[in-house]
Amino acid sequence: MSYSVVVEDHPLLSRIEQALDTIRPYLAADGGNVRVLEITDDMVLKLELLGACGTCPMSPMTLKAGVEESVKKAVPEIRAVEATNATPMDEQPAGQTGHPLPPTPVSTPEF
């Protein structure tokens, strides 16, 4: 992985990478990954979503509930985690509302 000189030398980078390494197998299982782009002066970690994570409609939830929680738990100095290429939740396609319909019974062939 390549980082800018600023990120590469950041004292929190190794702890952040260790935290990300705990969640990467789950991202990889769905064909995705993340890359550290920047750690701002106000302690916001900026990531790039890679592979399937870059286009997945669930990536905003994964980012908040999975990646951000893991990083903030391991590196409490980080205030927030943002993805530079995530589609915001309010721009995601509308999902199903209400309760799903029960499955339609399928006839079983008689032998």
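Begin by colouring the chain by pLDDT, the predictor's confidence in each residue, from 0 to 100: among the elements of the protein chain, helix H1 (residues 5-8) has the lowest mean, 64, and H2 the highest, 93. Helices (H or I, at least four residues) and strands (E, at least two) are DSSP runs, numbered from the N terminus. Now select residues 1-5, where the pLDDT is below 50 and where the model has 9 contacts beyond near neighbours in sequence, a contact being heavy atoms within 4.5 Å. Where pLDDT is low, the predicted coordinates should not be read in detail. For the protein chain the average pLDDT is 80, and 77% of the residues score at least 70.

This is a predicted model, in which local features need pLDDT of at least 70 and side-chain atom pairs count only at pLDDT 80 or more, while totals for chains, interfaces and linings use all residues. Residues are numbered from 1 along each chain as its sequence is written, and side-chain values use heavy atoms, with hydrogens and water left out.

Next, select strands E1 (residues 32-39) and E2 (residues 44-51), which run antiparallel and are joined by 7 bridges; two strands count as paired if DSSP finds at least two bridges between them. Arg35 has Glu48 in E2 as its bridge partner. In the hairpin that E1 and E2 form, 4 residues lie between the strands, and Met43 in the turn has a positive phi of about 65°.

Add E3 (80-83) to the selection, and an open sheet of 3 strands appears in the order E1-E2-E3, with mixed pairing. Its edge strands are E1 and E3, each of which pairs on one side only. The twist averages 35° from one strand to the next, with axes fitted to C-alpha atoms (for helices over the stretch in contact) and angles running from 0 to 180 degrees between N-to-C directions. E2 and E3 pair in the parallel sense over 4 bridges, and Lys46 stands opposite Glu82 in E3.

Turn then to the helices: H2 (13-29) lies across E1 and E2, running at about 160° to E1. H3 packs on the sheet as well, touching E2 and E3, and its direction makes about 145° with that of E3.

Finally, select H3 (residues 59-74) and go to Glu68, where the helix bends by about 35°, the bend being the angle between axes fitted to the seven residues ending there and the seven starting there. Glu68 is also among the buried residues of H3, which include Leu63, Val67 and Val71; buried means under 20% relative accessible area (1.4 Å probe, protein chains only). These buried residues pack against H2, E2 and E3.

How values were computed
Expected span 1.5 Å × (residues − 1). Buried < 20%, exposed > 50% of the residue type's maximum accessible area, 1.4 Å probe, protein only.
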